[in-house]
Amino acid sequence: MSRKPKPAAPGAPLDTEAMIRVDHAGEYGAVRIYQGQLAVLRHGAAADTIRHMAEQEARHLKVFDRLVNERKVRPTALEPVWRVAGFALGFGTALMGEKAAFACTAAIEDVIDEHYASQVAALADQDDDLKATVEQFRLEEVEHRDTALQNGAEQAPGYRLLSETIKAGCRIAIKLSEKI
Ligand SMILES: [Fe+2]
Ligand SMILES: [Fe+2]
């Protein structure tokens, strides 16, 4: 899959409000996914690994909470949807087993890596603060993906279908949360 960030349309004004709205929604979704996974996988090495990633997501969310407030960004109206969908996705994949839980993380973080990279490219030399934040979080999301792969994500039953389905859902969620 191509990982090349999309260049910004020439002359198009940068909608940093939409960027913050969608990132805030995404980090909230991530927190909910891990809460769902940890509701099933409470103990053991996988739970410890997931807890570490969950702590980073909580920190990401806190930063975007602050940005939403400071810059008076309208948060997504879809928060109740992501609240339920995120938890259900985490809970459901964890019920399928640890490897499926990690397959979920690997799929999501793959899409988020792309998404954050395209924002960094679009920001170019604008809004250094936001750009540095997004780039730092992107690197942590990549770490999550690599951790998930090291923990056997690809050995989950039905990995390919599971992964492609989650990625497609994640891309739709991104599109919706930018606007709504
Ligand atoms: Fe995150
Ligand atoms: Fe993450």
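A residue counts as buried when its relative accessible area is under 20%. The legends below describe close-up views of a predicted model.

**View 1. Ser163 is a buried residue of helix α6.**
Helix α6 comprises residues 159–179, and Ser163 lies within it. The relative accessible area of Ser163 is 3%, which is under the 20% limit, and Ser163 is therefore buried. Ser163 and Asp65 are 98 residues apart along the chain. The separation of their C-alpha atoms is 29 Å.

**View 2. Arg21 of helix α1 is buried.**
Arg21 belongs to helix α1. Is Arg21 buried or exposed? Its relative accessibility is 6%, so Arg21 counts as buried. Along the chain, 55 residues separate Arg21 from Thr76, while the C-alpha atoms of the two residues are 6.0 Å apart.

**View 3. The iron ion (ligand 1) is held by donors from Glu27, Glu57, His60 and Glu141.**
Glu27 appears twice among the protein donors, each time through an OE atom. Glu57 and Glu141 also provide OE atoms, and His60 provides ND1. These donors lie 1.9 to 2.7 Å from the iron ion (ligand 1). Along the chain, the donors follow the spacing E-x29-E-x2-H-x80-E. Glu27 in helix α1 and His60 in helix α2 are 33 residues apart, a pair that links distant parts of the chain. Both Glu27 and His60 are buried.

**View 4. The iron ion (ligand 2) occupies a tetrahedral site.**
Which residues coordinate the iron ion (ligand 2)? Glu57, Glu109 and Glu141 do so through OE atoms, and His144 does so through ND1, at 1.7 to 2.4 Å. The angles among the 4 donor atoms run from 88 to 132 degrees. A site with four donors counts as tetrahedral if all angles lie between 85 and 135 degrees, so this site is tetrahedral. The sequence spacing of the donor residues is E-x51-E-x31-E-x2-H. Here, too, the coordinating residues come from distant parts of the chain: Glu57 is in helix α2 and Glu109 is in helix α4 (residues 98–123), 52 residues apart. Glu57 and Glu109 are both buried.

**View 5. Glu57 bridges the two iron ions, ligand 1 and ligand 2.**
How far apart are the iron ion (ligand 1) and the iron ion (ligand 2)? The distance between the iron ions is 3.8 Å. Glu57 coordinates both of them. This bridging residue is located in helix α2.

**View 6. Helices α1 and α2 are roughly antiparallel.**
Two packed helices are described by the angle between their axes and the distance between the axes. Helix α1 spans residues 16–40, and helix α2 spans residues 45–70. Their axes come within 8 Å and cross at roughly 155 degrees. This angle is over 145 degrees, and α1 is therefore roughly antiparallel to α2. The contact between α1 and α2 contains 15 nonpolar, 3 polar and 5 charged residues. The crossing of α1 past α2 is left-handed.

**View 7. Helices α2 and α5 are also roughly antiparallel.**
Helix α5 covers residues 128–150. The axes of α2 and α5 come within 11 Å, with a crossing angle of roughly 165 degrees. Because this angle is over 145 degrees, the two helices are roughly antiparallel to each other. The passage of α2 across α5 is left-handed.

**View 8. Helices α4 and α6 are oblique to each other.**
The axes of α4 and α6 come within 9 Å. How are α4 and α6 oriented to each other? Their axes cross at roughly 40 degrees, and the pair is therefore oblique. The handedness of this crossing is right-handed.

**View 9. Lys72 and Ala124 have positive phi values.**
Most residues other than glycine have a negative phi. Lys72 is not a glycine, yet its phi is positive, at about 50 degrees. Lys72 is situated in the loop between α2 and α3 (79–95). With 70% relative accessibility, Lys72 counts as exposed. Ala124 likewise has a positive phi, near 45 degrees, and is found in the loop between α4 and α5. Its relative accessibility is 36%, so Ala124 counts as partly exposed.

Key:
Residues are numbered from 1 along each chain as its sequence is written. Chains are lettered from A and ligands numbered from 1 in the order in which they are written. This is a predicted model: local features need pLDDT of at least 70, side-chain atom pairs count only at pLDDT 80 or more; totals for chains, interfaces and linings use all residues. Side-chain values use heavy atoms; hydrogens and water are left out. Axes are lines fitted to C-alpha atoms, for helices over the stretch in contact, and angles run from 0 to 180 degrees between N-to-C directions. Helices (H or I, at least four residues) and strands (E, at least two) are DSSP runs, numbered from the N terminus. Angles under 35 degrees count as roughly parallel, over 145 as roughly antiparallel, 65 to 115 as roughly perpendicular and the rest as oblique. A crossing is left-handed if the near helix is turned anticlockwise from the far one by less than a right angle, and right-handed if clockwise. Ala, Val, Leu, Ile, Met, Phe, Trp, Tyr, Cys and Pro count as nonpolar, Asp, Glu, Lys and Arg as charged, and the others, Gly among them, as polar. Donors are N, O and S atoms within 2.8 Å of the metal (3.2 Å for Na, K and Ca); water is not among the atoms, so sites may look incomplete. Buried means under 20% relative accessible area, exposed over 50%, partly exposed in between (1.4 Å probe, protein chains only). Four donors count as tetrahedral if all angles lie between 85 and 135 degrees; four count as square planar and six as octahedral if opposite donors are over 155 degrees apart and all others between 65 and 115; anything else is irregular.
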